[in-house]
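Please look over the sequence and the model below. The paragraphs after it take the reader from one part of the chain to the next.

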Amino acid sequence: MKKYNVRVYGLIILDGKILITDEFRGGMRMTKFPGGGNEWGEGLLETLYRECTEEIFQEPIFTEHFYTADFFVVSNFQKDEQLISVYYKVAI
């Protein structure tokens with residue numbers, strides 16, 4: 001069964017530098033923006049709030065929508081999932 005996997009990320013810029021995180025997931029090391037998967041019953045900003053709180057221990061202040069990916073991407077972890085990534089500019 002084909003599925004969608006919605007991912008929400010925060011672009012946090014401090015003193016001209018952008019914050020990225022390092023994670024180890026599914027046997028892979030990855031560098032990414034703070035954020036992650038939208039869960040059932042959450043809005044996109046709720047997802048970003050939860051993920052930032054979990055990953056960087058900061059409560060984000062949402063500033064504005066930055067970008068939604070408008071091209072097809074298959075998940076590296078689940079080949080039957082299409083990723084939809086949404087990015088917000090965030091202050092902490």
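Strand 3 and strand 4 make up a hairpin in which two residues lie between the strands. Gly26, in the turn, has a positive phi of about 60 degrees. The two strands run antiparallel and are joined by five bridges; strand 3 covers residues 21-25 and strand 4 residues 28-32. Across the pair, Glu23 stands opposite Met30 of strand 4.

The model is predicted, and the protein chain has a mean pLDDT of 93, with 100% of its residues at 70 or more. Among the elements of the chain, the lowest mean pLDDT, 89, belongs to strand 3 of the hairpin, and the highest, 96, to strand 7.

Strand 7 also takes part in the largest nonpolar core, which has eight residues: Val8, Ile12, Leu48, Cys52, Ile56, Val86, Tyr88 and Val90. At least two residues of this core come from each of strand 1 (3-14), helix 1 (44-56) and strand 7 (81-91). Leaving aside residues up to four places away in sequence, the core residue Ile56 touches Ile12, Leu19, Thr21, Pro34 and Ile92.

Past helix 1, the loop leading to strand 6 (61-68) holds Glu59. Is this residue, Glu59, buried or exposed? Glu59 counts as exposed because its relative accessible area is 53%, and the cut-off for exposed is over 50%. Not counting residues up to four places away in sequence, Glu59 touches Tyr49, Thr53 and Ile92. With Tyr49 there is a polar contact between the two side chains, at 3.3 Å. From Glu59 to Leu48, the C-alpha to C-alpha separation is 9.5 Å, and the two residues are 11 residues apart in sequence.

Methods. Residues numbered from 1 in each chain as written. Predicted model: local features only at pLDDT ≥ 70, side-chain atom pairs only at ≥ 80, totals over all residues. Heavy atoms only, no water. Core = buried A, V, L, I, M, F, W, Y, C linked by side-chain atoms within 4.5 Å. Buried < 20%, exposed > 50% of the residue type's maximum accessible area, 1.4 Å probe, protein only. Contact = heavy atoms within 4.5 Å. pLDDT = per-residue confidence, 0-100. Pairing = 2+ DSSP bridges. Polar contact = N/O pair within 3.5 Å; in protein donor to acceptor, adjacent residues only side chain to side chain.
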